[in-house]
Structures are given as C-alpha cells and as structure tokens.
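Student: I'd like to walk through this model with you, from the overall fold down to one residue. Can you take my questions one at a time?

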Amino acid sequence: MKSIPLQRAYLLLVALAVFVGCWLAPVDAPAREQINEGLKRALTTFAAARALGAVVSVAQGTQVDATPGGVGVGVGVSFAPGQALKPLNELIEQFAAIMLAASVSFGIQLVLLNIGAHQLMSGLVCGVALAWGIARWRRGTSPRWLQSALIGLLLVRFAVPLCAVANEGVYRAFMANDYQAALSGIEKSPTAVIDATQEAPSAQEGWRERVERWLPKLPNLKATYDQILKSASEWAERIVKLIALFVLQTIVLPLVFLLVAWRLARAAIRGPTFSQATARVS
C-alpha cells in the first residue's frame, strides 16, 4: 500500500518537471546562443583554412623556366619546385572541408532546436505526458507504445538544447585555450610566410580580401615555398588539433550526450519499482 502514494508522488514530480521544462524554464535561449558560438568558431576556422590554402596553392604553382647557359635559344627546362607542397595543400583542403561540415552540423543543430522549441512541440509533449501520467495513476502502468512515444518526444524537446549547453560547457572547460592557440597560429601563418607587415587585416576582412591583399606582396615564390616547407610540420600539428576539437564537438560529444539523455528519459518514464522495493522491506 505504501507504494501507491510514492508512485503517485513520483508521477506528479515527473509531470511538474516536464511542464516547467517546456514552459517556465526552457533552456532554448542559452542553447541557441551556445550553438551560434560554435557556428561562428567553425566558420572562422573555415575562413582561415581557405586563406591559408590560397597562399599555399599559389606557392605550389611556382614554375621556373631556364635555358642552358642562361642565354640562347636552346632547349628550355621547366620545373615546379612548389609541387613539394602538394601533400600540405591536400591536407589544408581536407581541413577546410571538415570545417565546412562542422558548420553544417551546427546549422542542423539550430534547425532541430527550433523544431523542438516550437509551442506545438511543447504542447504535444505535455499532452502525451499527461496521458502517460493518467494511465500510470489509474492502473500503475502504461502501454509500452505510450512510454516509447513520450521518451521520443522528450528527446526531441530537450535533447538538443541540453546537449548544446553541456557541449559548450565541456568546450570552455577543456578545449577553449587549445582552440584559440591553434587558430591564432593558422591565421597568422600566411602573413608570416609572405612577410606582409605593412598592413594589418581589419576585423571584418574575409578570406578573399586577405588573399587579394597578400598575393601582390609575394616577393619571391621560391623563397615563399621554402618558408612554407619549414613551417609545414607546425601547421600540420595545428590543423590536426583543430580537426580533433571540432570532431569532438560535432560528433563524439553530441552522441555521448544524446545517449545519456536517452537513458535518463527512459529511466524517468519507466520509473522506480516501488511495489518490489516495498515487498522486500516487508
């Protein structure tokens, strides 16, 4: 008999938590802010990768024409020393593609967040939660399909915002410093290579404007690709670190948090077995 009041108190607690989460204290606004911050980071990194790739591509296309003895009409010799940069250029292209995919991932999260935050979704979640609570209140159990529907709706409504907030918290606690250091190195690399110290880039300058400003200042393409070769290992390390950070933020951590949210929702809807616990005590 003691299990019935406990079970009903638990049902009221779950119903109250669902109602408060949907209407009174939604996490949608902070979650939207966190996702937008992640999107800005991904787009900024993508722009830096495109700018770096443009400079490396120009240096890769370096071609030197020579004739025997330096004069005369003889047979010309053409060679492209910049082809040594091809592996680095391919790495930068893959890096830019991954940053574009990360941007798309954050965009998808925004769309899913808007779907879950819609008033119709909140009303549907509360309606299904009410039906589930009434069934549990009257019979002590609810149909399996109703439980599954409520778990799915809870994930649609709460999983994305909660995962976004948790994801951003992990980023700020463990990854922010590494990201800023790696991105700063990538952004400054083209300027360091071509020694463009006369003019600092403006805050609103995009990667196309940077390339247009940098290219006329290339003093010597061979010297440029030599400098790029010296910096290649450092660039590769920073690129790999940035790729790892964004893979964690857009794939690994969201999947982990989604699994945790699913398990919590399933445990909450199935509820504790008060009757069994009471039977053991008696």
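Here is how the conversation went.

Tutor: Before we start, keep in mind that this is a predicted model, where local features need pLDDT of at least 70, side-chain atom pairs count only at pLDDT 80 or more, and totals for chains, interfaces and linings use all residues. Residues are numbered from 1 along each chain as its sequence is written, and side-chain values use heavy atoms, with hydrogens and water left out.

Student: What pattern does the chain follow along the sequence?

Tutor: Helices (H or I, at least four residues) and strands (E, at least two) are DSSP runs, numbered from the N terminus. On that basis the chain has eight helices and two strands. Read in order, the pattern is α-α-β-β-α-α-α-α-α-α.

Student: What percentage of the residues in the chain is buried?

Tutor: Buried means under 20% relative accessible area, with exposed over 50% and partly exposed in between (1.4 Å probe, protein chains only). The chain has 282 residues, and the buried part of them is 40%.

Student: Which residues have the most contacts inside the largest nonpolar core?

Tutor: A nonpolar core is a set of buried Ala, Val, Leu, Ile, Met, Phe, Trp, Tyr and Cys residues joined through side-chain atoms within 4.5 Å. The largest one has 40 residues, and α2 (28-60), α3 (86-117), α5 (144-194) and α7 (221-270) each supply at least two of them. Those with the most contacts inside this core are Ile35, Val56, Phe95, Tyr179, Ile228 and Phe246.

Student: Which residues does Tyr179 touch, leaving out those up to four places away in sequence?

Tutor: Contact means heavy atoms within 4.5 Å. With residues up to four places away in sequence left out, Tyr179 touches Arg41, Thr44, Thr45, Tyr171, Leu242, Leu245 and Phe246.

Student: Back to empty space: how many nonpolar, polar and charged residues line the largest pocket?

Tutor: On a 1 Å grid over the protein atoms alone, a pocket is an open set of points with protein on both sides within 12 Å along at least five of seven lines, whereas a cavity is a set of points where a 1.4 Å probe fits but cannot get out; lining residues have an atom within 4 Å of a point. Grid points are joined across faces, edges and corners, and a volume is the space filled by probe spheres set on the points, which gives about 420 Å³ for the largest pocket. For classes, Ala, Val, Leu, Ile, Met, Phe, Trp, Tyr, Cys and Pro count as nonpolar, Asp, Glu, Lys and Arg as charged, and the others, Gly among them, as polar. The lining comes out at 17 nonpolar, no polar and no charged.

Student: Which helix gives the most to the lining of the second largest pocket?

Tutor: This pocket has a volume of about 330 Å³. At least two lining residues come from each of α3, α5 and α7. With seven residues, the helix that gives the most is α5.

Student: And what volume does the largest cavity have?

Tutor: The count is one cavity of 30 Å³ or more. Gln34, Ile35, Arg41, Phe106, Gln109, Ala164, Asn167, Glu168 and Gln249 line the largest cavity. Its space comes to about 40 Å³.

Student: Last one: is Leu183 buried or exposed?

Tutor: Leu183 sits in helix α5, and it touches Thr44, Thr45, Ala48 and Leu242, not counting residues up to four places away in sequence. Its relative accessible area is 6%, so Leu183 is buried.
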